[in-house]
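Hi,

Here is the structure I said I would pass on. Have a look at it first, and my notes follow underneath.

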Amino acid sequence: MAGRYDRNPFDEEEVNPFSDPAVRGKASNQSNYGGGAFYTTNPGSVAPSTNSRLSPLNPEPADYGFGTTVDIPLDNSSTDLKKKERELQAKEAELKRREQEVRRKEEAAARAGIVLEEKNWPPFFPIIHHDIANEIPIHLQRLQYVAFTTLLGLALCLFWNVIAVTAAWIRGEGVKIWFLAVIYFIAGVPGAYFLWYRPLYRAFRSEGAMKFAWFFLFYLIHIGFCIFAAVAPPIVFKGKSLTGILPAIDVLGDHVLIGIFYFVGFGLFCVEALISIWVLQQVYMYFRGSGKAAEMKREAARGAMRAAL
């Protein structure tokens, strides 16, 4: 009886894993301990290698101390770039359209014989177009420069005339002569430019015969005015509105300084008249020698024929 109870019913059966291939690697009893699962094996058994490896941890993003990364949407930036590109293309198209329009107008003006003149003189305050070096033929540039000198000389004569007459007015000669001197200056300088200097400039530039006729007419008037001012006969307010030789002699007896002013004005008008006569002579010689006289006669005849018809 005693032999019957020698074996403990709770003892587990020892299995040699090497003796029975069917039970090699078989896990022992599974039991729960504290809510967790663990495996026990019999003594001498070998645990499977797959159960001994730990599962790898999930990778964590590297921060490097720069804080949380922010995703920047690229849709808005691409939209802005496309919008700016469209605006630039529209502006470029508008500029091309304007350039073509300006070029078309310039070509139409050139075909019609109209020259677009840009004001470029004087440089500090442009009021007229003047470019002798680039627009006047080389063999005529010297003559054109001398003609321009007579224009500036007339401005100087009339400006000095205002100064001298102002001094005479202060000395009691009356305010009327001062008003006349101012009118001479205001009307004389622009009138000289538009009436005879610009026609000569355009005649040399475009070789127009009728422009020479316009120049000769008003340049003769200019020379006549200079000679008249140099003498200043007592026709208008005893001639004292112009600094000529006669009023200079008259004023010198009463006011020596004012008389000197008048004599200086007389000298300026004389020099202006002499240079103007030389310019007229040279222009006329060129006009006759270049055949423009015959051309002007033909144009005048054609004009008279058209007027008669």
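Ile260 sits in helix α7. Keep in mind that this is a predicted model. Is Ile260 buried or exposed? Neither, quite: its relative accessibility is 44%, and since buried means under 20% and exposed over 50%, Ile260 counts as partly exposed.

Ile260 also belongs to a nonpolar patch on the surface, together with Ile249, Leu252, Val256, Phe263 and Val264. The accessible area of these residues together comes to about 490 Å². Two elements, α6 (245–252) and α7 (256–289), give two or more residues each to the nonpolar patch. The top contributor is α7, with four residues.

Now for the pockets. How much space lies in the largest pocket? The computed figure is about 380 Å³. Its lining is made up of 15 residues, and those nearest the centre of the pocket are Ile127, Ile128, Val189, Pro190 and Tyr193. The elements that supply two or more residues to this lining are α3 (138–173) and α4 (176–206). Here α4 gives the most, with six residues.

As for chemistry, the lining of the largest pocket has 11 nonpolar residues, three charged ones and one polar one.

If you open the model, I'd start with these two places: the nonpolar patch, to which α7 gives the most residues, and the largest pocket, where α4 gives the most to the lining.

Cheers

Conventions
Residues are numbered from 1 along each chain as its sequence is written. This is a predicted model: local features need pLDDT of at least 70, side-chain atom pairs count only at pLDDT 80 or more; totals for chains, interfaces and linings use all residues. Side-chain values use heavy atoms; hydrogens and water are left out. Patches are made of residues with over 30% relative accessible area and no salt bridge: like charges are joined within 9 Å, nonpolar side chains (Val, Leu, Ile, Met, Phe, Trp, Tyr) within 5 Å. Accessible areas come from the Shrake-Rupley method with a 1.4 Å probe; for residues, only the protein chains shown count as cover. A salt bridge is a side-chain nitrogen of Lys or Arg within 4 Å of a carboxyl oxygen of Asp or Glu. Buried means under 20% relative accessible area, exposed over 50%, partly exposed in between (1.4 Å probe, protein chains only). On a 1 Å grid over the protein atoms alone, a cavity is a set of points where a 1.4 Å probe fits but cannot get out, and a pocket is an open set with protein on both sides within 12 Å along at least five of seven lines; lining residues have an atom within 4 Å of a point. Grid points are joined across faces, edges and corners, and a volume is the space filled by probe spheres set on the points. Ala, Val, Leu, Ile, Met, Phe, Trp, Tyr, Cys and Pro count as nonpolar, Asp, Glu, Lys and Arg as charged, and the others, Gly among them, as polar.
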